[in-house]
Amino acid sequence: MIEGFTSLYIFMLAAFTGYEVISRVPVILHTPLMSGSNFIHGIVLVGAMVALGQADDTLEKTIGFIGVVLAVGNAVGGYFVTERMLEMFKSSKGGAK
Amino acid sequence: MSTTKEQLEGAVVNTEHSLLQTQQDLKVLKDLTGQYIQETTGTAPNFQINAAEIPKVTTENTQSTQTVPTHALNQWIAPMWQNLIIETSYFIAAVLFIIGLKRMSSPVTARVGIVWAGIGMVVATLVTFGYPGMSNYQLILIAILVGAVPAFWFAKKVPVVAMPQMIALYNGMGGGAAAAIAAVELARGVTHSTTVQTLAVLGAIIGSISFSGSLIAFAKLQELMKKSLIFKNQQLINLIVLVTILLLGLVIIIQGPQVMPTVMILFFVLALAFGIMMTLPIGGADMPVVISLYNALTGLAVGFEGFVLHNNAMIIAGTVVGASGTLLTQLMAKAMNRSIGNVLFSGFGATAGEVSTEEVKGSLKPIDAQDAAVMMMYAKQVVIIPGYGMAVAQAQHKIWELTKALKERDVVVKFAIHPVAGRMPGHMNVLLAEAGVPYDLIFDLDEINAEFEQTDVALVIGANDVVNPIARSDPNSPIYGMPILNADKAKNVIVIKRGRGTGFAGIENHLFYMDNTRMLYGDGQKMGAELLQNVKSLS
């Protein structure tokens, strides 16, 4: 019971954190930020690894394998797309003078 | 037999050092111990397990049967450290994600932000290899390679224009992974508490919808799929499918591991189908909002599966993304003057059957690059309005050079960015930043709209729907009510456009037919170069 409520508190606080962190974002960063948050939910990788790591039969292993492949795609792809977008902001600073 | 023993040891150790935290561990322990006793002694197990008695039960077993190895005690201490390290690392990862996200919300610190989040991800991934009760390491490593290599390659190689659909694709993969975790957990045949079972089912639904929906969004932005599929009673059919999914989900929650595999398969198939059906009728112009929504949904699904796996890193990261993604979606929908519900359920172009009441007046008047250059050179203020066409033509570098040449002649040049210009909010800003345009020249809708009346030349390059005055005047137009850049209020308008086609929303643009509008037909990059050349040679 207490465990459940602790989880509920974590959920609520994390939700407020997410809302607050984003609330003062300039429009120019909307796309990179969406990409960045897309990368962050790539943490699903650790869950997929655990699911595959604890899988016993072929069915579980197959689904778990697909899960890890998808999750790692999310994490790796999300990171490098975001990095490339933000890289452009660096060059703009150089060109601004 | 040997696997059963390992599982038994794993379950015992796991349960002890995590202070008997979960009911399902107890259940596993009880089942396996019972099975083990049955196998070794031939007698039925005779014990009652509740949380407080676990340590007693395990020591009894160790002594009575002598089959659980004596190094069980050593294994008790090592995993305690193991768990501490894992939990600490997840905690650090969660903190790094939040700091990273915070830093990404300011242009100055944005680049550091993604690196912080990246470090968090690497830390979390590495320690997960040491998670208790893990096996199949080879499979995990192969899966990581299979997923990472193409994702890395495409993320590096894809042109900047195509980035929005890459976000859609990678987001969909995350949703699919969340659904896969749910599938494994539900298929495992372990009895979960009702709460956990419910969260697993919800995560499965949301993750599946996000997966298939994002793939359709990807296909639409990649222009693999151009038509929006709209048919009679579509809303009703979608609703029926959704209700069926929820009912099947309820059956899975209630029946737990005893549920029939066919119910489970039907549940996932319908959830995937629903994601497709939900996204098909939505037009390309609304895709940014949809992708942002699916991004938030994936976050939520990841958070739910985090509860199922008792993984705090997943709970926090998933929920933070779910909340921030929802806010981002609202901001985008607001910029288009539409509610999220309107985007999802009305179907862009649903009014296409009604004939627009306003006829197009006037004609298209072409201009050549030299005249256009002269117009801009003798202007006091020029406002450049970029759109998706500029992205496709990669014209941003030439446009920035043109801007610099005009500034040397003391022409005031400003960039006006519509919130949904391009295929995603901020898309144009990224491209202009790539070319080196400083932030202080870039203005958004609210800042610049009052200035058009004092503007001598508005240069529209590859933008269409976002400058269409029909959004203000024609209630039957599908874009009616969307705030637009008031380019039509400028003294002169020059439109660089490749051909005579309509914009992404498929609507005729009345701006192009106005008396003070001139059309400069050609590829954005080539025309930008010609304008630059003319400005330079005439200076």
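The following questions and answers go through the interface and some side-chain pairs of a predicted model.

Student: Which pLDDT values are needed in this model?
Tutor: This is a predicted model, in which local features need pLDDT of at least 70 and side-chain atom pairs count only at pLDDT 80 or more, while totals for chains, interfaces and linings use all residues. Residues are numbered from 1 along each chain as its sequence is written, chains are lettered from A and ligands numbered from 1 in the order in which they are written, and side-chain values use heavy atoms, with hydrogens and water left out.

Student: How many residues does the contact take from chain A and from chain B?
Tutor: Contact means heavy atoms within 4.5 Å. By that rule the contact takes 79 residues from chain A and 104 residues from chain B.

Student: What area do chain A and chain B bury between them?
Tutor: Buried area is the accessible area (1.4 Å probe) that two parts lose on being put together, summed over both. Of the area buried here, 77% is on carbon and sulfur atoms. In chain A, A:Met34, A:Ile40 and A:Arg84 lose the most area to chain B, together 9% of what that side buries. The area between the two chains is about 8100 Å².

Student: Which residues form the salt bridge between chain A and chain B?
Tutor: A salt bridge is a side-chain nitrogen of Lys or Arg within 4 Å of a carboxyl oxygen of Asp or Glu. The count between the two chains is 1 salt bridge. Its N to O distance is 3.9 Å, and the residues are A:Glu83 and B:Lys156.

Student: Which helix gives the largest share of the side of chain A that touches chain B?
Tutor: Helices (H or I, at least four residues) and strands (E, at least two) are DSSP runs, numbered from the N terminus. Helices H1 (2-23), H2 (30-40), H3 (44-53) and H4 (58-96) of chain A each supply at least two residues of that side. The largest share, 34 residues, comes from H4(A).

Student: Is A:Asn38 buried or exposed?
Tutor: A:Asn38 lies in helix H2 of chain A. Leaving aside neighbours within four places in sequence, A:Asn38 is in contact with A:Asn74, A:Gly78, B:Ile167, B:Tyr170, B:Asn171 and B:Asn295. Buried means under 20% relative accessible area, exposed over 50%, and partly exposed in between (1.4 Å probe, protein chains only). At a relative accessible area of 0%, A:Asn38 is buried.

Student: How are the rings of A:Phe11 and B:Phe307 arranged?
Tutor: Rings of Phe, Tyr and Trp (its six-membered ring) pair if their centres lie within 6.5 Å; planes under 30 degrees apart count as stacked, over 60 as edge-to-face and the rest as tilted. This pair crosses between chains, from helix H1 of chain A to helix H11 (residues 287-308) of chain B. A:Phe11 is partly exposed at 24%, whereas B:Phe307 is buried at 11% relative accessible area. The centres are 6.0 Å apart and the planes at 50°, so the pair is tilted.

Student: What angle lies between the planes of B:Trp153 and B:Phe154?
Tutor: B:Trp153 is partly exposed at 48% relative accessible area, and B:Phe154 is partly exposed at 41%. Their ring centres are 5.3 Å apart and the pair is edge-to-face, with an angle of 85°.

Student: Which residues do ring pairs link into a cluster?
Tutor: The count over all chains is 8 aromatic pairs. The cluster has members from chain A and chain B: A:Phe39, A:Tyr79, A:Phe80 and B:Phe152.

Student: What is the distance between the closest N and O atoms of B:Glu451 and B:Lys414?
Tutor: The pair links distant parts of chain B, 37 residues apart: B:Glu451 is in the loop between helix H18 (445-448) and strand E4 (457-461), and B:Lys414 is in strand E2 (residues 412-417). Both B:Glu451 and B:Lys414 are buried. Their salt bridge has its closest N and O atoms at 2.6 Å.

Student: Which residue forms a salt bridge with B:Arg472?
Tutor: B:Arg472 lies in helix H19 (residues 470-473) of chain B and is partnered by a residue in the loop between H19 and strand E5 (492-497), so the pair ties together parts that are 16 residues apart in sequence. B:Arg472 is partly exposed at 37% relative accessible area, whereas the partner is buried at 14%. The closest N and O atoms are 2.4 Å apart, and the partner is B:Asp488.
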